[in-house]
Amino acid sequence: MNDVFAAAPFVVGKSEPVAADARIPAEEALCPVISHEWVNPEYKHLVIDASAKALAVTPGQFFNILCPSPDAGELWLRRPQSVYRIDRPAGRIEFLYKCVGRGTRGLATVKPGDLLNIVGPLGIGFHFEPAWRNIVVLGRGVGLATLAPISQLAAEHGAGVTAILSARSSDLVMAADLFGAVGSVIPVLDSDRSSDVGNVESILRGLIAARCADAFFTCGSNRLMQLMKRVAKEQGIPGQVAMEQVMACGLGPCYVCVRTFEVNGRKELRRVCIEGPVFDLQEAVGW
Ligand SMILES: Cc1cc2nc3c(=O)[nH]c(=O)nc-3n(C[C@H](O)[C@H](O)[C@H](O)COP(=O)(O)OP(=O)(O)OC[C@H]3O[C@@H](n4cnc5c(N)ncnc54)[C@H](O)[C@@H]3O)c2cc1C
Ligand code: FES
């Protein structure tokens with residue numbers, strides 16, 4: 001019988017490796033959990049063994065994760081999580097996520113040795129021009145997890161990176177180790193008011209004056225995105241923003257994730273899951 005309606009999930013470590021099919025870049029895979037630790041009271045770091053297709057993920061792309069239910073009820077819909085780190089030599093991918101609701105509370109119960117069901121890699125990630133010698137990353141909250149693998153992109157291109165990492169307090173500054181290994185980190189905090197837009201704008205303008213800002217990348221805060229967009233427009237600096245939008249299918253057909261963009265003065269509706277989640281900074285309207 002040749003009527004195959006859907007592929008069975010790829011089981012990492014068990015399924016026969018299949019030849020890469022460029023027409024189908026994403027798959028459902030069952031991935032052994034290697035480690036899963038709290039990094040602070042709000043965030044967990046999850047490391048899984050990944051399939052060859054999952055390892056082809058690029059910074060800014062995401063996986064739609066089937067989270068176990070944290071209670072007796074059923075948990076509807078997968079939850080999107082962007083890749084935090086890609087370790088191709090070890091065959092592993094990593095996530096850093098904040099526990100905010102039932103999905104992520106359920107995900108937090110997964111233990112080393114369990115199989116995690118993921119679909120991906122999905123969406124369009126960040127792009128990097130070889131001509132960029134120094135980039136600036138500005139993010140906040142869960143956006144820092146999404147921006148983190150840009151540290152890998154910068155290292156691959158031999159480019160310098162300055163990461164301005166915004167958080168409520170110093171214990172919530174994420175990805176400082178990854179950015180610190182390849183560039184410099186400027187934490188800006190609510191606790192000492194250094195995260196105020198005026199101060200972040202001074203830092204950005206200082207980096208531009210020092211010729212350390214060939215491109216801008218941002219995620220996780222509307223006010224910081226608006227700031228970066230304004231300064232980038234004024235200075236003619238290219239920029240990209242990763243949008244976080246509530247999703248259902250993560251694949252394009254349901255239109256749950258539609259947002260408004262502005263292209264050449266005209267409003268356009270786009271699906272964040274399939275036309276993003278990374279967009280041109282000047283086309284993003286904010287939220
Ligand atoms: C492309 C993409 C990549 C993401 N990457 C990461 C990541 O690397 N790390 C991380 O911690 N989170 C990430 N998120 C957010 C993550 O998907 C949500 O936090 C998660 O789905 C919440 O599920 P829940 O059931 O725990 O919470 P829910 O009960 O669904 O929601 C709890 C709270 O979280 C908010 N929330 C729900 N979905 C989202 C969402 N998509 N974006 C922002 N807030 C949301 C809700 O408004 C509510 O306030 C990403 C989201 C997208 C769209
Ligand atoms: S989440 Fe279904 S179309 Fe984007």
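Which polar backbone atom is 3.0 Å from a nitrogen atom of ligand 1? In this predicted model, the backbone atom in question belongs to Leu 96. Two side chains also make polar contacts with the ligand. In Thr 104, an N or O atom of the side chain is 2.4 Å from an oxygen atom of ligand 1. For Arg 79, the corresponding separation between a side-chain N or O atom and an oxygen atom of the ligand is 2.7 Å. The surface of ligand 1 taken alone amounts to 840 Å², of which 74% is buried by the protein. In total, 21 residues surround ligand 1, and those that come nearest are Arg 79, Pro 80, Lys 98, Gly 103 and Thr 104.

Helix H6 was examined separately. The helix comprises 13 residues, from 197 to 209. A rise of 1.5 Å a residue leads to an expected span of 18 Å, and the C-alpha atoms at the two ends are 18 Å apart, so the expected and computed values agree. Buried positions in H6 are Val 200, Glu 201, Ile 203, Leu 204 and Leu 207. Because these residues cover an arc of only 160° around the axis, they lie on the same side of H6.

The partners of this buried side include both strands and a helix. The buried residues of H6 pack against strands S9 (134-140), S10 (160-167), S11 (184-189) and S12 (215-219), and also against helix H7 (222-235). After H6 comes Arg 211, which has a positive phi, near 60°.

Notes: Residues numbered from 1 in each chain as written. Chains lettered and ligands numbered in written order. Predicted model: local features only at pLDDT ≥ 70, side-chain atom pairs only at ≥ 80, totals over all residues. Heavy atoms only, no water. Helix = DSSP H or I, 4+ residues; strand = E, 2+ residues; numbered from the N terminus. Expected span 1.5 Å × (residues − 1). Buried < 20%, exposed > 50% of the residue type's maximum accessible area, 1.4 Å probe, protein only. Arc of directions from axis to C-beta. Contact = heavy atoms within 4.5 Å. Near = heavy atom within 4 Å. Polar contact = N/O pair within 3.5 Å; in protein donor to acceptor, adjacent residues only side chain to side chain. Areas by Shrake-Rupley, 256 points an atom, 1.4 Å probe, with all protein chains shown as cover.
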